[in-house]
Amino acid sequence: MSGLEFKRPRACILGLEGTALSNWEKGFFREADPYGYIIFARNVADPDQLKRLTGELRDLNGRSNLPILVDQEGGRVTRLKPPHWRKMPAAGVFGQLYEQHPDDAREAAYLNGRLLAADLIDVGISVACAPVLDLYFPGMSDVVGDRAYGSEVANVVALASAVSAGLMDGGIVPVVKHIPGHGRASVDSHKDLPVVSASRSSLSVNDFEPFRQMKDVLAAMSAHILFSAIDDQRPGTVSPKVIDEIIRGDIGFDNLLISDDLSMEALGGSIASRTYECLVAGCDIALHCNGKRTELEQVVSMSPKLDGQALARALAVTNKITSLQGSVPARPVLADWNARLAQLLAPVWPAAQGEGA
């Protein structure tokens, strides 16, 4: 069993400032003891440096199964980049292939998940913020765009399930996003609050359905979206109605719910108030990504020690990290897997034929 039930960390995941921990960060993180950390491109120089950094984070808090997350979807959302890591296709590439050759697309998605897992395991990362279950809606903001596997529920679920299986088989816990659905966002939630006016029934049979079909995944990230048919006052991340009635109720997701980044401009108020509101609304974990000292202090000040159902859900993830660490299969012949992936993707992604694919 994990030590989480005896040494309860805070209900937050925090970002770091740079490629090495400052003296201030070392003291602050040791005292704060957050549930986990998230890695961005600013924290990455090369594989050796990143492995040292993640090892230091685990040592700071004394947890070998510490959740260390990264957004590594492929395409635009890639934190580990060439030349040290392979070039990864966006989710939309797999969606294009699925329209032509569904069996090949599922195999390619699984292989991509396994190769991604190998990349992350090598540098001490335990959790991938992927796959995206949002549907693609033409005419909406490209904040999702080709991050989506497609516009059809069945296609998205088939490909996202294959990626999740590949990640898990390779030793990495996936986090699906952005529950209950971000595809209809008409503006970029990093800069403004998207308002979705679709009916609750339409949302339920479309946007919510991929999450319903994958509700057993151990962790999900929330959507900073205002669904006017459900709660016309609060975005989903800070809405008790959206979390209780839709995420926990209609969708039936009862695992770890992590907020999207609290520093995004879709949310109003101070960082402290955003942290408080998301946790009170029903998120289990507050996620803060930019690594800014004054904001980190606010997040930690409003994040209690994990307890109750949130602790149980958090424990399920760390227990899974422990079990995956103990059962990761022998490292595959990556060159062979990369070659097979390139072969499968060739009809829709010529870049797969070139160096760094």
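This report walks through the sheets, salt bridges and a few single residues of the structure above. Keep in mind that the model is predicted.

**The six-stranded sheet**

Let's start with the sheet that has six strands. It is open, the strands come in the order 7-6-3-2-1-13, and the pairing is parallel. Strand 7 (173-174) and strand 13 (286-288) stand at its edges with a single partner strand each, so one side of each has no neighbour in the sheet. At the strand 13 end, strand 1 (residues 10-15) is the partner: the two run parallel and are joined by three bridges. If you want a spot to look at there, Ile13 sits opposite Leu287 of strand 13.

Helix 2 (residues 47-61) lies across two members of this sheet, strand 2 (34-39) and strand 3 (68-70). Relative to strand 2, helix 2 runs at about 170°.

**The three-stranded sheet**

There is also an open sheet of three strands, ordered 8-10-12, again with parallel pairing. Its edges are strand 8 and strand 12, which each pair on one side only. From one strand to the next, the twist averages 35°.

Strand 10 (residues 219-222) is worth a closer look. With strand 12, strand 10 pairs in the parallel sense over three bridges, and the pairing of strand 8 with strand 10 is likewise parallel over three bridges. On the strand 12 side, Ala219 stands opposite Leu256, and Met221 has Ile258 as its bridge partner. On the strand 8 side, Met221 stands opposite Lys177.

Where do the side chains of strand 10 go? In a regular strand, side chains alternate between the two faces of the sheet. Here Ala219 and Met221 point one way, while Ala220 and Ser222 point the other way. All four of these residues are buried.

**Salt bridges**

How many salt bridges does a search of the whole structure find? The count is 19. Three of them are laid out here, with their N to O distances.

| Salt bridge | Distance (N to O) |
|---|---|
| Glu73 and Lys177 | 2.9 Å |
| Arg76 and Asp146 | 3.2 Å |
| Arg313 and Asp254 | 2.7 Å |

Take the salt bridge between Glu73 and Lys177 to begin with. This pair links distant parts of the chain, with Glu73 in strand 4 (residues 72-74) and Lys177 in strand 8 (residues 176-179), 104 residues apart. Both Glu73 and Lys177 are buried. They also belong to a network of salt bridges that links Asp71, Glu73, Arg79, Arg147 and Lys177. Lys177 therefore turns up twice in this report: it is in the network, and it stands opposite Met221 in strand 10.

Next comes the salt bridge of Arg76 with Asp146. Arg76 is in the loop between strand 4 and strand 5 (77-78), and Asp146 is in the loop between strand 6 (127-128) and helix 5, so the pair ties together parts 70 residues apart in sequence. Arg76 has a relative accessible area of 45% and is partly exposed. Asp146 is partly exposed too, at 37%.

The last pair is Arg313 with Asp254, which also meet in a salt bridge. Arg313 lies in helix 11 (residues 308-325), whereas Asp254 lies in the loop between helix 8 (240-250) and strand 12 (256-258), so parts that are 59 residues apart in sequence are tied together. Is each partner buried or partly exposed? Arg313 is buried, with a relative accessible area of 11%. Asp254 counts as partly exposed because its relative accessibility is 46%.

**Ala158 and a surface patch**

Ala158 belongs to helix 5 (residues 153-169). Why does Ala158 count as buried? Its relative accessibility is 19%, and buried means under 20%. Leaving aside neighbours within four places in sequence, Ala158 is in contact with Tyr98 and Arg106. Measuring C-alpha to C-alpha, Ala158 and Asp254 are 21 Å apart in space, and 96 residues separate them in sequence.

Finally, over to the surface. Tyr276, Val280 and Met302 make a nonpolar patch of about 280 Å². Of these, Tyr276 lies in helix 9 (residues 271-281). With 46% relative accessibility, Tyr276 counts as partly exposed.

Definitions and conventions: Residues numbered from 1 in each chain as written. Predicted model: local features only at pLDDT ≥ 70, side-chain atom pairs only at ≥ 80, totals over all residues. Heavy atoms only, no water. Patch = residues over 30% accessible without salt bridge, like charges linked within 9 Å, V, L, I, M, F, W, Y side chains within 5 Å. Areas by Shrake-Rupley, 256 points an atom, 1.4 Å probe, with all protein chains shown as cover. Salt bridge = Lys/Arg side-chain N within 4 Å of Asp/Glu carboxyl O. Helix = DSSP H or I, 4+ residues; strand = E, 2+ residues; numbered from the N terminus. Buried < 20%, exposed > 50% of the residue type's maximum accessible area, 1.4 Å probe, protein only. Pairing = 2+ DSSP bridges. Contact = heavy atoms within 4.5 Å. Axes fitted to C-alpha atoms, helices over the stretch in contact; angles between N-to-C directions.
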